[in-house]
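Student: I'm new to this one and keep tripping over the labels. Could we go through why things are called what they are called?

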Amino acid sequence: MAVANVLARKSAHVIEYAILFMLVRRAVFTTNPKWRLKASWAGFIFCVLYALSDEFHQNFVPGRNGRPLDVG
C-alpha cells in the first residue's frame with residue numbers, strides 16, 4: 001500500500017510540473033514565435049526554480065521536510 005501511495009504522489013507531481021512547463025513555454029513562445037528553443041528552456045528553468053522554492057518552503061511547514069533530491 002505504501003508503494004502505491006508513493007507512486008501516486010510522485011506521478012501527480014510529474015503531471016503537475018509537466019502542465020506548468022507547457023503553460024510557461026506557451027506564454028514565452030506566444031510573445032515571440034522565433035523563440036521556440038528559448039521558450040522550452042525558459043519553461044524548464046522556471047519549473048526547476050519553482051520546485052526548489054517549494055522544497056525550501058516545506059522546511060517551514062510542520063510535519064514536512066524539504067529535500068533537494070525531491071526536485072529531481
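Tutor: Sure. Let's start with alanine 42, which sits in helix 2. Keep in mind that this is a predicted model.

Student: Why is alanine 42 called partly exposed?

Tutor: Its relative accessibility is 27%. Buried means under 20% and exposed means over 50%, so alanine 42, at 27%, counts as partly exposed.

Student: What is alanine 42 in contact with, leaving aside its neighbours within four places in sequence?

Tutor: Val24 and Val28. To be called a contact, heavy atoms have to be within 4.5 Å. As for proline 68, that residue is 26 residues away from alanine 42 in sequence, and the two C-alpha atoms are 21 Å apart in space.

Student: Now tryptophan 41 and phenylalanine 44. Where do they lie?

Tutor: Both are in helix 2, three residues apart, which is about one turn of the helix. The structure holds three aromatic pairs.

Student: What makes the pair of tryptophan 41 and phenylalanine 44 edge-to-face?

Tutor: Two values go into it, because a pair of aromatic rings is described by the distance of the centres and the angle of the planes. Here the centres are 5.9 Å apart and the planes are at 85 degrees. Rings pair if their centres lie within 6.5 Å, and planes over 60 degrees apart count as edge-to-face. Both conditions are met, so tryptophan 41 and phenylalanine 44 are an edge-to-face pair.

Student: How exposed are tryptophan 41 and phenylalanine 44?

Tutor: Tryptophan 41 has 49% relative accessibility, and phenylalanine 44 has 45%. Exposed needs over 50%, so tryptophan 41 is partly exposed, and phenylalanine 44 is partly exposed too.

Student: What about phenylalanine 56 and phenylalanine 60: how is that pair arranged?

Tutor: Edge-to-face, with 5.1 Å centre to centre and 75 degrees between the planes. Phenylalanine 56 and phenylalanine 60 are both exposed.

Student: Why does leucine 49 count as exposed?

Tutor: Leucine 49 lies in helix 2 and has 51% relative accessibility. The cut-off is over 50%, so leucine 49 counts as exposed.

Student: Which residues make the nonpolar surface patch?

Tutor: Leu37, Trp41, Phe44, Ile45, Leu49 and Leu52 make a patch of about 650 Å². So you have met some of those names already.

Student: And glutamine 58: buried or exposed?

Tutor: Buried. Its relative accessible area is 9%, and buried means under 20%, so the label follows. Glutamine 58 is in helix 2, which covers residues 36-58. Leaving aside neighbours within four places in sequence, glutamine 58 is in contact with Arg64, Asn65 and Gly66.

Student: How do you know that arginine 25 lies over the face of phenylalanine 29?

Tutor: Arginine 25 is at 5.6 Å from the ring centre of phenylalanine 29. The distance has to be within 6 Å, and there is an angle limit of 35 degrees from the ring normal as well.

Student: Last one: why is alanine 27 called partly exposed?

Tutor: Alanine 27, found in helix 1 (residues 2-31), has 45% relative accessibility. That falls between the 20% and 50% limits, so alanine 27 is partly exposed. Alanine 27 and asparagine 5 are 22 residues apart in sequence, with 33 Å between their C-alpha atoms.

Notes
Residues are numbered from 1 along each chain as its sequence is written. This is a predicted model: local features need pLDDT of at least 70, side-chain atom pairs count only at pLDDT 80 or more; totals for chains, interfaces and linings use all residues. Side-chain values use heavy atoms; hydrogens and water are left out. Helices (H or I, at least four residues) and strands (E, at least two) are DSSP runs, numbered from the N terminus. Buried means under 20% relative accessible area, exposed over 50%, partly exposed in between (1.4 Å probe, protein chains only). Patches are made of residues with over 30% relative accessible area and no salt bridge: like charges are joined within 9 Å, nonpolar side chains (Val, Leu, Ile, Met, Phe, Trp, Tyr) within 5 Å. Accessible areas come from the Shrake-Rupley method with a 1.4 Å probe; for residues, only the protein chains shown count as cover. A salt bridge is a side-chain nitrogen of Lys or Arg within 4 Å of a carboxyl oxygen of Asp or Glu. Rings of Phe, Tyr and Trp (its six-membered ring) pair if their centres lie within 6.5 Å; planes under 30 degrees apart count as stacked, over 60 as edge-to-face and the rest as tilted.
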